[in-house]
Amino acid sequence: MLLGSATSVAPDTSERMRGFLSFAQRRRAWLAALFLILFPLVAPFKALAAMILIYGLYALGFNILFGYLGLLSFGHSALFGTGAYFCGIAITHFGLPWWAALALGVLGGVLAAAAIGALAIRTLGIYFAMVTLALSQCLYYLFYEATDWTGGENGLTGVNVKTINLFGFHLDFVNPIVHYYVIAAFVIVALFALSRILASPFGAVIEGVRESEARARASGIDVARVRFVTFVVSGAFCGLAGALLALHLSIVPIETMHYDTSGLAVMMCLLGGMGTFFGPFIGAAIFLLLENLVSLYTVHWQLIVGAAFIACVLFFPRGVWGTILQRSRT
Amino acid sequence: MSGDIILRTHNVSKRFGRLNALNGVSAEFRRNVITSIIGPNGAGKSTYFNLLCGALRPSSGRIEFEGRDVTGLPQHRFAHMGIVKSFQITTLFPQLSAHENVRLAAQTRVTVFDMWRPRASLKMLNEQADFILERVGLGHRRDRPAALLAHGEQRALEIAVALASEPKLLLLDEPTAGMSPQETREMMDLIVRLAAERTIILVEHKMKLVLGISDWLIVLHHGELLAEGAPDDIKRNELVKRVYLGQRDH
């Protein structure tokens, strides 16, 4: 009897779950925007919330290449870092307004992606990962050595933006809430743009190339060019994330360019679910929350975060969001 | 010998390292007929096929499509000119639905790099994809991921994807490989129907299968052109008989 009632309830709830997930898929950008607007109300610290936004955007940019196109890059820190440095240099050396600095940050990501992409897309699989890693380390040392421009190992300091002037409004960028919402606004615009790209004909082509390169080629798709363009698009999102990081921290640490940061993007995507729209953000949130909360209690926070990561891989093999999506389908 | 020539190879060879897979093959393919390339295992059929569709570049020799030298062009350019192949081993977009497989192939003729328009706004492509799926008898499988289709259905979808590119020249590599007799009959019927509107080149290991539907046959053996002719001539050809002797299913 008990069993009978259980089986009659189960399909109902899973049906409801499926309905919600398909709704979430159709209205993905709106849902994400709504969440980001409400997020500071529940986040423990506003500064952490902003970091989750920025790293979420960075992981999102990485996910275009990794999750949707199926190429694992270990060099995305270079795109993120170049975006951050371009934005920082625009402000500290040229005194450009914040919006121009942000635009230059996006350009930085695009240029770095074009340079690395043009060379790396000739390779595949582990070779692609290695070539992107090597090239990003080249850029790392370039920025490291250009002390006059980048501050070298001390990082680029003095990226101060105190007020955001927009259509006659003066927003106090030092106020944590305003600060958060300014960053959130850009991330939300990026989310809508990404959602649109994924739904476009090009989005279909990207997934096709991931599914079968041979089939794509036989259907008349220039696979190499698709890879390159996707890399550059990914660079634009990562560049924006880097630029926002520079504004958020008021400094560009050299670690932004380090390969650790590349690994971070991989980890966040795997945690949240590669090739899913919400996955990278969920992954970034899990990672940064764990890091920040655990490090309050112990200096050995990496041990706990590492254990949590292993648990996630074991119990959510497709990432938290990816596994939820998969379970609901079966 | 009627009809004009759509594709021509001049003395094409293909070497893989020290292996001569194909040795100076010259042949002509007439428009709007079915030409079959046959031969025993290792005859160089698949190599020749892959040269014809641009997947491989010849080591030497020339390929002409509609009178234009197309030797060495990348494969996606072959596809844009209207030369489309289906694969011997089913090669689809496995996670994508049957509909999306066909729609995407149709889309590449219209746009590849458009990042801003919603996919759904290209209504014509959706309708075309549905029409083609109906045509190959997969209308009822529209929303199923390609990976979950039965083998025969996947082969049919493979043809549907090739058709979506609106080929002038459709190259089929052993389209009935691994099929049941029933599925094989259906596939052969489909090929004959498709041949009414376009040129088809068929690679087949089993000669018996294609004798009935081909207008012209090209027989390869050890990477060389052994014989060519109408089915009745090939059937009587002593050389061909000798090559196929001892083969179980000729």
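This report walks through two sheets, a domain split, a chain contact and a helix pair in a predicted model.

## The six-stranded sheet of chain B

Let's start with the mixed sheet. Chain B holds an open sheet of six strands, and reading across it gives the order S6-S7-S8-S3-S9-S10, with mixed pairing. Its edges are S6 and strand S10 (224-229) of chain B, each of which pairs on one side only. On average, neighbouring strands here are turned by 20° against each other, if you ignore direction.

At one edge, S6(B) runs parallel to strand S7 (residues 169-173) of chain B, and four bridges join them. If you want a spot to look at, find Ile83(B), which stands opposite Leu169(B) in S7(B). Helix H5 (residues 151-164) of chain B packs on the sheet here, touching both S6 and S7 of chain B. The direction of H5(B) makes about 170° with that of S6(B).

At the other edge, strand S9 (residues 216-221) of chain B pairs with S10(B) in the antiparallel sense, over five bridges. Val219(B) has Ala227(B) in S10(B) as its bridge partner. S9(B) and S10(B) form a hairpin with two residues between the strands, and His222(B) takes a positive phi near 50° in this hairpin.

## The four-stranded sheet of chain B

Chain B also has an open sheet of four strands, this one with antiparallel pairing and the order S2-S1-S4-S5. The edge strands are strand S2 (19-30) and strand S5 (68-69) of chain B, and each pairs on one side only.

Now zoom in on S2(B) and its partner. Strand S1 (residues 5-16) of chain B pairs with S2(B) over eight bridges, in the antiparallel sense. Within that pair, Lys14(B) has Leu22(B) as its bridge partner in S2(B).

## Two domains in chain B

Chain B is divided into domain 1 (1-82 + 169-186 + 195-250) and domain 2 (96-166). Taken over C-alpha atoms, the centres of the two domains are separated by 27 Å.

As for where they touch, seven residues of domain 1 of chain B are in contact with six residues of domain 2 of chain B. On the domain 1 side, that works out by class as four nonpolar, two polar and one charged residues.

## Where chain B meets chain A

Between the chains, 29 residues of chain B are in contact with 22 residues of chain A. Three elements of chain B give two or more residues to its side of this contact: helix H2 (75-81), strand S6 (83-86) and helix H3 (98-110). H3(B) gives the most, with five residues.

Sorted by class, the chain B side has 15 nonpolar, nine polar and five charged residues. S6(B), by the way, is the strand already met as an edge of the six-stranded sheet.

## A helix pair in chain A

Over in chain A, take a look at helix H8 (residues 176-199) and helix H11 (residues 223-249). Their axes come within 11 Å and cross at roughly 175°. Angles over 145 degrees count as roughly antiparallel, so that is how H8(A) and H11(A) are placed relative to each other.

From H8(A), the residues in the contact are Ile183(A), Phe186(A), Ala190(A), Leu194(A) and Ile197(A). They meet Val233(A), Phe237(A), Leu240(A), Leu244(A) and His248(A) in H11(A). By class, the contact of H8(A) with H11(A) has nine nonpolar residues, one polar and no charged ones.

Key. Residues numbered from 1 in each chain as written. Chains lettered and ligands numbered in written order. Predicted model: local features only at pLDDT ≥ 70, side-chain atom pairs only at ≥ 80, totals over all residues. Pairing = 2+ DSSP bridges. Contact = placed C-beta atoms within 7 Å. Nonpolar A, V, L, I, M, F, W, Y, C, P; charged D, E, K, R; others polar. Domains from an automatic or database assignment. Axes fitted to C-alpha atoms, helices over the stretch in contact; angles between N-to-C directions. Parallel < 35°, antiparallel > 145°, perpendicular 65-115°, else oblique.
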